[in-house]
Structure formats: structure tokens, C-alpha cells
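The following paragraphs guide the reader through a protein model, one region after another. Please keep the sequence and the structure in view while reading.

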Amino acid sequence: MRDLRLTRREFVKGCGGAAIVSATGGSLMFADPADAAVNSYDTVVHLFLRGGLDGLNLIVPTGGVDRGFYEEARPSLQVAASGAYGALPLTLSGGADTGFGLHPSATGLRDLWNDGKLAVVHACGMATTVTRSHFDAQLYIDLGTPGKYGSPTGWMTRAWETRPSGTGTLTALGVSGTQPAGLMGAVDALTMSSPSDFSLNTTAWSWQRTRSDSPAGLRGVSETVASLWNGQTGLEVTGRRADGALRLIGQQGYASLPASWPTGTFAQQLWTIAQSIRFDLGLRYATLDLGGWDTHEGQGTAGSGYHYYQNKINELSAALAAFYAELNGTGEMARVTVVVQSEFGRRVRANANGGTDHGYGNPMLVLGGAVNGRRFYGSWPGLNPETLSPTFGDVPVTTDYRRVLSDILIRRMGNANLSQVFPGYAGYAPLGIVQGTDLAPKLDDTAVAASIPSLVASGTASAATVDSAPAERVVPDWQRRGPVDRMLVRRER
């Protein structure tokens with residue numbers, strides 16, 4: 001019979017390892033901190049508005065026949081076309097009216113539009129799959145496989161793994177309490193809710209680490225546990241990597257939220273991403289969420305007094321404007337692209353509870369220094385009830401969201417391996433939303449490079465190899481995985 005007794009040293013190591021892995025995730029691989037400098041690479045920030053944004057009250061029809069259809073469908077939930085609480089006009093660079101406006105609380109987004117740094121894609125979403133389930137739609141988008149579950153990696157993970165070149169210390173960041181599904185399977189990603197909370201959180205606060213006011217001779221738990229990762233077991237290898245991640249974040253100069261920024265958790269999360277970009281650690285992909293968009297009742301519109309939706313739009317707009325201004329002031333925004341999307345839109349017609357129910361097509365926002373902004377992209381189907389009848393009264397999807405992301409991947413990230421990032425997708429044509437060079441997309445969905453064996457193992461695609469697959473990545477010893485025992489279960493619907 002096996003002896004299961006533990007020494008005190010082994011017990012401390014085990015408890016410390018469990019706490020670190022719980023706080024940081026099982027695969028964190030980071031080197032020494034880099035010197036601060038303006039980044040010479042591009043970064044994509046993906047903002048997911050979870051809950052189903054009511055896009056028609058963000059991008060509001062203000063003229064033409066669609067204004068009449070809009071007012072008829074939303075007699076008490078409409079945003080006025082003009083006036084004190086009217087929509088903010090969205091005009092083209094020459095001053096021409098587009099027939100659309102922004103919600104009046106979105107002044108920050110309006111300013112970015114007028115500066116030519118914000119673009120809107122009409123009627124965007126999952127063109128091949130219709131679902132009104134939040135959970136299904138969100139997972140489909142995060143995985144990059146509309147209509148199918150089962151991929152062990154998220155689309156951002158595959159985008160990084162198929163990169164043509166580039167390395168970094170902190171290449172992917174999820175600002176969240178748990179690993180975002182878009183970064184699932186990433187071995188280079190770090191997930192943290194905030195830098196100040198990214199620490200070994202065990203035992204009494206005063207014992208967690210040695211501080212300037214600690215009693216003489218005290219050695220904190222963090223320092224004690226860090227000195228124990230000397231072996232080559234899976235726990236010790238993972239412990240060293242996790243300790244390296246904790247030290248990396250701890251050694252950066254993360255500061256408090258500036259007074260010029262709006263307050264709140266969402267603004268704080270964007271501030272974390274802004275600083276992570278500025279530290280020049282090689283951040284290529286970042287993702288965060290803003291929830292609270294499931295407005296079945298009490299949605300509100302625009303005006304004096306309390307309006308739930310109005311407050312949410314203000315939270316979104318003000319924080320994005322502050323993020324842009326912060327990085328634009330020091331040059332980094334020229335190489336940052338922010339994508340804002342929700343899992344689906346809301347119904348055109350208001351419900352009886354002062355809200356809107358789950359819909360389909362929705363606007364998608366793209367902002368950044370390299371965005372060809374102050375323009376609408378995609379095809380606007382209009383709000384004529386006859387047009388909407390095949391989609392049961394919803395705005396249809398006329399532009400696949402993967403086409404927008406592919407435009408950014410190709411032109412900004414130099415990654416044309418679209419079949420590997422979005423398996424099964426073959427509908428790409430350049431939209432021109434961002435500046436950059438067009439590359440011939442690799443759209444053979446039967447070919448998956450050996451650099452993503454996880455997709456092959458799960459059956460998402462075949463194991464064929466393409467000539468244009470990126471060179472095999474050389475992984476430093478300090479970035480290698482320890483032993484992994486993982487079962488993959490594939491489900492399709």
C-alpha cells in the first residue's frame with residue numbers, strides 16, 4: 001500500500017502551488033520584465049458586451065423611411081431624432097448626413113467618429129447560425145466556431161498561435177476573474193481581474209509577503225513558497241511559472257486610475273490594458289467584458305431622470321474615449337485596434353415591459369489609430385417589416401462578424417491563416433476597415449497546421465499541412481508545459 005504521508009515542506013509546497021495555480025491559471029510563462037517603450041507591434045483589444053446590446057438605440061435611425069418604422073415599433077422606447085436628448089448626428093467627413101445618430105449619452109464615441117477613428121459595421125453577427133441563447137451565442141463567438149462546440153481553444157488563442165512572427169513576455173491578457181473562453185487553451189496568456197489583486201492570497205494578510213512595515217526577520221509566505229520550486233515535478237514547474245507571472249506583474253508600475261478617467265470597474269479594466277500595452281511587454285491580444293445588456297424590462301431611453309440603458313451607454317462611451325485619449329497621447333494608439341461586439345442584437349419592436357427581447361443582427365464597432373473611420377461598413381437592410389419577416393422581426397445579419405475580425409487579422413496583425421483561426425469560414429473579402437496590407441487569405445478549411453495540434457485532436461479540422469503554415473515555434477525551457485492530463489470532449493449541435 002502506498003504511503004500517503006506528507007512532510008511539512010511538501011505540504012507547504014502543495015498548498016502554495018494550489019493557491020497560485022488557482023489565482024493565475026495552470027500555464028503562465030513569463031520572463032523578466034521588459035523596459036518601457038512605445039510598442040512597435042499591433043495590439044487587438046476585444047470588448048464583449050455580454051447580454052445582447054440593443055444596437056438600434058445605440059446607432060439610431062434618424063431619417064428616411066426607417067425612422068418611421070423605428071418610431072412605430074418603439075413608441076415609448078425610441079431615441080428622439082433631434083433635440084436636447086436627441087441622437088448625436090453621424091455625418092461623413094464631408095458633412096453629409098448618414099441618416100443615423102448615436103445615443104445622446106455616447107458623446108465620447110461621437111468625438112471619435114468625428115475624428116475619423118471610429119467605424120460602424122451595420123447588421124453584423126453570426127451569418128451562419130441563429131440562436132437566441134446568450135450562452136450558445138457567446139461561446140460560439142469566443143471559440144470562433146459558430147454553430148459548433150468542442151474546440152479546446154478560443155479564436156484569440158489560435159490567432160496568436162498562427163502568427164507569422166513575434167514573441168513577447170506578456171502576449172495575451174484577459175482582464176477577468178476567470179480565463180475568458182476566447183483565450184481558452186492559451187499557454188502564453190495571463191488572466192487577472194486587476195494588478196493589485198494579482199497575488200498569492202492565502203493566510204493572514206500580514207503574513208502573505210514581507211512588507212516595509214513587517215517585523216524584523218519576518219519572511220512572508222510568498223517569499224517562502226517561491227524558494228521551494230526547485231524540483232522538476234509538474235507542481236514545481238508550474239509553481240515556478242506562476243511565481244514568475246506574479247513577479248512580472250508585481251514589478252510593473254501599475255498605477256491608480258487617473259483622475260481624468262471615469263470611475264468604475266470597467267474603466268479600471270481598460271486602464272489595466274492601457275498600462276499593459278504601455279509597458280511594452282509584447283501584448284498582442286487583450287480581452288474584457290462589459291455585462292448588463294440583457295434589457296428585457298425597464299430598459300429606458302434617453303432623457304432626464306434615471307434611464308438604465310442611458311447610463312450603460314455612458315459607461316461604455318466615456319471609458320473607451322478615456323482609453324483612446326490615454327494611449328493616443330503617447331503614441332501607442334497608432335497600433336491598437338479595439339473591437340466592440342455583443343452576442344446578438346435586440347428585437348426591433350419593444351415588448352410590453354418597457355424593454356426589448358433577444359434579436360439577431362447588431363452594429364459592431366471598431367476604433368483605433370489605424371481605423372478608416374467616420375464610415376459605415378456592411379449592408380444596412382432597413383427596417384421595413386416585410387424585409388424583417390424572414391428573420392421574425394429582427395434585423396438580419398448581412399455581414400459575418402468573422403469577416404470584420406479577419407480584416408483586422410490580415411491588415412494589422414499580418415495573419416492570413418483564417419482557416420486555422422476560424423475553422424470552416426470561407427466568406428472573407430476585404431472590408432478595408434483598418435489600414436494595412438491585404439494578404440491572400442488561407443481559406444482551405446481542410447488544412448490545419450501542425451502548430452495547432454489541439455484542433456486536430458478534437459476533430460475540429462483535419463491534420464493536413466499547408467505549405468504556407470508558419471514555422472514551428474521554438475519554446476524556451478522556462479515556457480514549457482509540465483505534465484498535462486486532460487480529456488477533451490467534443491460536442492456539436
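**A guided reading of the model**

Thr-399 is located in strand S12, residues 399-400. Here helices (H or I, at least four residues) and strands (E, at least two) are DSSP runs, numbered from the N terminus. This is a predicted model, in which local features need pLDDT of at least 70 and side-chain atom pairs count only at pLDDT 80 or more, while totals for chains, interfaces and linings use all residues. Residues are numbered from 1 along each chain as its sequence is written, and side-chain values use heavy atoms, with hydrogens and water left out.

Is Thr-399 buried or exposed? With a relative accessibility of 2%, Thr-399 counts as buried; the term buried means under 20% relative accessible area, exposed means over 50%, and partly exposed lies in between (1.4 Å probe, protein chains only). The surroundings of Thr-399 can be described through its contacts, a contact being heavy atoms within 4.5 Å. Apart from neighbours within four places in sequence, Thr-399 is in contact with Val-121, His-122, Ala-123, Cys-124, Gly-125, Gly-378, Ser-379, Val-404 and Leu-431.

The next element to consider is helix H3, which spans residues 107-114. Within H3, the residues Gly-108, Leu-109, Leu-112 and Trp-113 are buried. They lie on the same side of H3, because they cover an arc of only 145° around the axis; this arc is that of the directions from the helix axis to the C-beta atoms. An α-helix has 3.6 residues a turn, so residues three or four places apart point the same way. The packing partners of the buried residues of H3 are strand S3 (88-91), strand S4 (97-102), S5, helix H9 (308-328), S10 and strand S11 (375-377). Just after H3 comes Gly-116, with a positive phi of about 80°.

Helix H9 also contains Lys-312. Lys-312 counts as buried, since its relative accessibility is 10%. Not counting residues up to four places away in sequence, Lys-312 touches Leu-290, Gly-291, Gly-292 and Trp-293.

Two further residues deserve attention for their backbone angles. Arg-374 has a positive phi of about 55° although it is not a glycine, and Arg-374 is placed in the loop between S10 and S11. Phe-392 likewise is not a glycine and has a positive phi of about 55°; the loop that holds Phe-392 runs between helix H10 (385-388) and S12. Which of the terms buried and exposed applies to each? Arg-374 is buried, as its relative accessible area is 17%, whereas Phe-392 counts as exposed at 62% relative accessibility.

Another loop, between helix H12 (418-421) and helix H13 (453-458), includes Pro-423. Pro-423 has a relative accessible area of 12% and is therefore buried. Although Pro-423 and Thr-145 are 278 residues apart along the chain, their C-alpha atoms are separated by 6.6 Å.

The interior spaces come next. On a 1 Å grid over the protein atoms alone, a cavity is a set of points where a 1.4 Å probe fits but cannot get out, and lining residues have an atom within 4 Å of a point. Grid points are joined across faces, edges and corners, and a volume is the space filled by probe spheres set on the points. How many cavities of 30 Å³ or more does the structure hold? There are 5 of them, and the largest has a volume of about 120 Å³. This largest cavity is lined by 13 residues, of which Gly-55, Leu-56, Asn-362, Pro-363 and Trp-380 are the closest to its centre. Strand S5 (118-125) and strand S10 (362-368) are the elements that give two or more residues to this lining. The lining of the largest cavity divides into 7 nonpolar, 4 polar and 2 charged residues, where Ala, Val, Leu, Ile, Met, Phe, Trp, Tyr, Cys and Pro count as nonpolar, Asp, Glu, Lys and Arg as charged, and the others, Gly among them, as polar.

The second largest cavity has a volume of about 70 Å³. Its lining includes Cys-124, Gly-125, Asn-362 and Pro-363. The largest share of this lining, 3 residues, comes from S10.

Finally, the confidence of the prediction should be considered. The predictor's confidence in each residue is the pLDDT, from 0 to 100. The protein chain has a mean pLDDT of 82, and 74% of its residues reach 70 or more. Over residues 1-37, however, pLDDT stays under 50, and over residues 447-493 the pLDDT is below 50.

Conventions
1 Å grid on protein atoms, 1.4 Å probe; cavity = no way out; pocket = protein on both sides within 12 Å on 5 of 7 lines; lining within 4 Å.
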